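Student: I have just opened this one and would like to go through it slowly. Could you walk me through it?
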Amino acid sequence: MMRTRVLVVILSALAFAACSSSSSTTSTVAAPPAPAGAAAAPSAKADIEARSGSTVSGTATFTETGDGVRVSVDVSGAPEGVHAVHLHEKGDCSAPDATSAGGHFNPSGMPHGAPDAPNHHAGDFGNMTVGADGKGHVALTTRMLTVSAGPNSVLGRGIIVHAKADDLQTQPTGNAGGRIGCGVVR
Ligand SMILES: [Cu+2]
Ligand SMILES: [Zn+2]
């Protein structure tokens with residue numbers, strides 16, 4: 001009986017010691033809470049507006065990740081079918097046909113091509129399929145772009161949706177036809 005009581009006291013003391021030591025360890029290791037927004041990855045966005053008489057609207061987002069910049073483009077009000085999507089060098093959508101956005105963004109002097117080809121423009125995002133509901137989506141991750149300021153930054157560039165598909169071969173445009181959507185990346 002006496003021995004049992006002593007054992008209980010010892011076990012309780014051990015439990016308390018374990019408890020207090022683990023709690024002090026936790027409080028030493030735990031990082032202070034990060035201020036809201038401090039950990040957010042650099043990101044940019046473009047609102048896509050109709051050009052060349054189309055009814056296209058949409059958004060493009062650019063987010064830096066450990067694997068490069070994640071690009072995501074969504075449109076609505078577009079003609080059903082396959083449409084090229086590129087990042088063009090100028091963030092200028094002022095022309096009615098969006099030719100003010102210039103050529104494909106190509107800071108590394110590559111030929112035009114598919115986004116998964118060994119060589120292609122940084123702004124070559126390939127094709128987007130638009131359904132009968134007029135909606136389309138394309139996403140990719142590329143190491144050829146940054147959001148942060150620099151020679152490859154998407155800031156101040158123009159996202160373009162074309163009337164036709166990119167054939168992924170014709171230089172330097174992919175023979176993608178007119179420009180039916182345009183947005184300035186900010
Ligand atoms: Cu283009
Ligand atoms: Zn290109």
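Student: Let me start in a loop: is Gly113 buried or exposed, or does it count as something in between?

Tutor: Gly113 counts as partly exposed, because it has 19 C-beta neighbours inside 10 Å. By the rule used here, a residue is buried if 20 or more other C-beta atoms lie within 10 Å of its own, exposed if 12 or fewer, and partly exposed in between, with the C-beta atoms placed from the backbone. Please keep in mind that this is a predicted model, in which local features need pLDDT of at least 70 and side-chain atom pairs count only at pLDDT 80 or more, while totals for chains, interfaces and linings use all residues. Residues are numbered from 1 along each chain as its sequence is written, and chains are lettered from A and ligands numbered from 1 in the order in which they are written.

Student: Where is Gly113 placed, and what is it in contact with?

Tutor: Gly113 sits in the loop between S4 and S5, where helices (H or I, at least four residues) and strands (E, at least two) are DSSP runs numbered from the N terminus. Leaving aside neighbours within four places in sequence, Gly113 is in contact with Asn119, His120, Asp124 and Leu168, a contact being two residues whose C-beta atoms, placed from the backbone, lie within 7 Å.

Student: What about Leu168, then, which has a positive phi of about how many degrees?

Tutor: The phi of Leu168 is about 65°, positive although Leu168 is not a glycine. Leu168 belongs to the loop between S7 and S8, and that loop also holds Pro172. The peptide bond from Gln171 to Pro172 is cis, with omega near -5°.

Student: Changing topic, how many helices and strands does the protein have?

Tutor: There are one helix and eight strands, and along the sequence they follow the pattern α-β-β-β-β-β-β-β-β.

Student: Which element has the lowest mean pLDDT?

Tutor: That is helix H1 (residues 2–29), with a mean of 44, whereas S7 has the highest at 99; pLDDT is the predictor's confidence in each residue, from 0 to 100. Over residues 6–28 pLDDT stays under 50, and the model has zero contacts beyond four places in sequence for them. The protein as a whole averages 87, and 79% of the residues score at least 70.

Student: How do S2 and S3 pair?

Tutor: S2 and S3 pair in the antiparallel sense over nine bridges, where two strands count as paired if DSSP finds at least two bridges between them. A hairpin joins S2 to S3 through two residues, and Thr59 stands opposite Asp74 in S3. S3 also pairs with strand S6 (residues 136–142), in the antiparallel sense over seven bridges, and there the bridge partner of Asp74 is His137.

Student: And which residues touch the most other members of the largest nonpolar core?

Tutor: Of its 34 residues, these are Ile48, Phe62, Val73, Val154, Ile159 and Val161. A nonpolar core here is a set of buried Ala, Val, Leu, Ile, Met, Phe, Trp, Tyr and Cys residues joined through C-beta atoms within 7 Å. The largest share of this core, four residues, comes from S3.

Student: What does Val161 touch?

Tutor: Not counting residues up to four places away in sequence, Val161 touches Ile48, Val56, Val75, Ala78, His83, Val85, Ile180 and Gly181.
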